[in-house]
Amino acid sequence: MSFRNSVVIVASPRPRVGKTLLARLLTDFQRHENRTVAAFDVNSGERGLIQFLPEQTVAATIRDVNGQMALFDRLVAGDDTTKIVDLGHDSYESFVGLAHQIDFVEEARRRSIAVALLFMVTPDQTSVAAYRSLRERFAQALLVPVHNEILGSSQHRDKYPVAGGGAVSMRMPVLAPGLRKYIDTPPFSFAGPDMSNAVGIPLDAHIELQRWLRRIYLEFREIDLRLLLADLQTSMRSSGL
Amino acid sequence: MARPAVILVGADKGGVGKTTVARTLIDYFGAHQTPTRAFDTESPRGTLKRFHPELTEVVDVTSVSDQMKIFDTLGSADAKVTVIDVRAGLLSSTLQALTEIGFLESAKKGQITFAVFHILGPSIASLEEIAETARVVGDANYFLVKNFVNNTTFFEWDPATYNSYFKKIKGAEEITIPKLNEMAYEQVEVASVPFVSFVGNKGAKGEAANYSFVLRGYVRHWLGNVWGEYDKVKLVDLVSPKMESNVRQVAG
């Protein structure tokens with residue numbers, strides 16, 4: 001198992017909590033690391049991920065069996081590709097229910113594919129219950145609570161205990177006011193020339209963006225490490241060490 | 001020597017899913033390492049044999065020679081359980097024949113374990129079948145199977161009417177076969193393999209196959225629920241009282 005064969009699902013039952021931004025960052029991080037990446041936009045409404053990453057992203061649906069097959073059969077394909085799923089709030093329940101029913105995480109593990117669930121933390125009861133349910137249903141996955149600081153300083157850590165082989169949480173630092181306009185207007189890529197050449201971005205804004213991005217990439221590397229650690233523990237257990 | 005068990009799967013109507021239920025039974029006993037053989041009475045060509053060719057023999061249950069083939073070998077066959085998929089319209093007459101050859105009497109004396117899986121159809125005629133079957137079935141283990149696998153809507157029956165028929169059979173138990181996603185069901189049909197082989201991504205000869213993971217997941221989930229129904233009525237204990245039950249791992 002490695003991140004060449006991993007599935008990272010960005011999820012929350014709540015809208016507008018930063019899922020698509022995180023999915024964009026994850027996808028661009030894989031590109032930055034020269035990994036093959038495929039992204040899946042599972043939103044029934046606005047498809048933000050495709051707007052920003054049209055070449056890497058496919059629109060996915062789970063409303064019918066054909067759509068379910070197109071998505072999940074691809075997710076469990078061992079093709080040395082990191083897969084990022086931007087799971088819209090309106091598809092959350094049906095996705096999680098289906099994944100549980102068809103034993104998605106277990107099948108992925110059988111095929112040496114690591115699954116990480118990045119859950120956007122919010123203080124509401126719906127999200128807390130959804131997180132608890134994920135822990136119960138997908139005990140084999142790496143479940144990472146993501147604290148998006150733009151949603152407030154409270155971390156709700158007591159409501160979102162870390163779970164999974166590597167046990168880690170993630171922080172999404174706040175982007176300085178005034179910089180959102182650069183990253184929220186497609187086409188924009190964190191891995192493309194916009195960032196590397198600072199095209200159309202003032203120098204001070206570019207420096208601040210780079211600093212923010214470095215902090216986030218550091219968090220992603222931590223998750224990579226935890227995935228590897230979980231994998232190592234599994235391998236050692238299975239070989240009786 | 002262990003007492004042989006015979007399970008009759010039938011209905012007087014066609015298209016109610018008899019063969020599907022028989023297939024799940026064969027898979028279930030297979031998962032419990034219970035040697036099983038099957039007879040498909042859709043002579044000359046049987047659907048059950050298509051899915052379980054090595055375990056199944058096609059017979060004409062109305063012919064004496066084939067009746068001998070089934071019942072005279074109960075004690076000597078390697079298989080502990082015999083599943084008979086009775087062709088549409090032959091359930092009552094088969095039960096009648098079993099009475100005449102003394103089979104039901106042997107079951108009554110405890111020499112043979114006998115169970116009837118009566119698959120219910122969508123019409124009121126099915127309810128009348130229950131009454132008719134009840135007269136002959138005697139002390140057999142009687143299971144009324146509501147089969148939703150193809151989304152049949154017959155459970156709009158008036159519960160009071162249904163219960164009045166249901167209660168006519170002493171000790172009858174109810175089994176519900178849930179619906180299976182149409183595409184998943186169709187793909188298993190196309191593959192012509194047992195449900196467990198489909199779940200395990202195997203072809204007819206045990207070779208690796210490439211079925212959709214999603215469809216396999218649907219089948220796995222559905223089969224688990226069906227087997228849960230069989231566990232609920234303690235089917236393994238019925239045919240083999242000391243057998244250990246650890247069926248889920250095989251389904252997974």
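This report describes the sheet, the nonpolar core, one helix, one loop residue and the chain contact of a predicted model.

Residues are numbered from 1 along each chain as its sequence is written, and chains are lettered from A and ligands numbered from 1 in the order in which they are written. Because the model is predicted, local features need pLDDT of at least 70 and side-chain atom pairs count only at pLDDT 80 or more, while totals for chains, interfaces and linings use all residues.

**The sheet of chain A**

Helices (H or I, at least four residues) and strands (E, at least two) are DSSP runs, numbered from the N terminus. Two strands pair if DSSP finds at least two bridges between them. In chain A, 7 strands form an open sheet with parallel pairing, in the order E3-E2-E4-E1-E5-E6-E7. Strands E3 (57-59) and E7 (170-172) of chain A each have a single partner strand and stand at the edges, so one side of each lacks a neighbour in the sheet. Neighbouring strands are turned by 20 degrees against each other on average, direction ignored; axes are lines fitted to C-alpha atoms, for helices over the stretch in contact, and angles run from 0 to 180 degrees between N-to-C directions.

Strand E1 (residues 6-11) of chain A pairs in the parallel sense with E5 (residues 114-120) over 6 bridges and with E4 (residues 82-87) over 4 bridges. Residues of E1(A) and their counterparts are listed below.

| Residue in E1(A) | Counterpart | Strand of counterpart |
|---|---|---|
| A:Val7 | A:Val115 | E5(A) |
| A:Val8 | A:Ile84 | E4(A) |
| A:Val10 | A:Leu118 | E5(A) |

In a regular strand the side chains alternate between the two faces of the sheet. On one side of E1(A), A:Ser6, A:Val8 and A:Val10 are buried, and on the other A:Val7, A:Ile9 and A:Ala11 are buried as well. A residue is buried if 20 or more other C-beta atoms lie within 10 Å of its own, exposed if 12 or fewer, and partly exposed in between, with C-beta atoms placed from the backbone.

**The nonpolar core**

A nonpolar core is a set of buried Ala, Val, Leu, Ile, Met, Phe, Trp, Tyr and Cys residues joined through C-beta atoms within 7 Å. The largest one has 141 residues, and those with the most contacts inside it include A:Ala116, A:Phe119, A:Val144 and B:Val219. Helix H10 (residues 213-232) of chain B supplies the largest share of this core, 10 residues. Two residues are in contact if their C-beta atoms, placed from the backbone, lie within 7 Å. Not counting residues up to four places away in sequence, A:Ala116 touches several residues, among them A:Ser6, A:Val8, A:Ile223 and A:Leu227.

**Helix H4 of chain A**

In H4 (residues 92-101) of chain A, A:Tyr92, A:Phe95, A:Val96 and A:Ala99 are buried. These residues lie on the same side of H4(A), because they cover an arc of only 95 degrees around the axis, taken from the directions from the helix axis to the C-beta atoms. Their cover includes E1, E2 (37-42), E4, H5 (104-110) and H6 (125-137) of chain A. A:Asp103, which follows H4(A), has a positive phi, near 65 degrees.

**B:Asp60 and the chain contact**

B:Asp60 lies in the loop between strand E3 (56-58) and helix H3 (64-71) of chain B. With 16 other C-beta atoms within 10 Å, B:Asp60 is partly exposed. B:Asp60 and B:Thr41 are 19 residues apart in sequence and 5.4 Å apart in space, C-alpha to C-alpha.

The contact between the chains takes 10 residues from chain B and 10 residues from chain A. On the side of chain B that touches chain A, H10(B) gives the most, with 7 residues.
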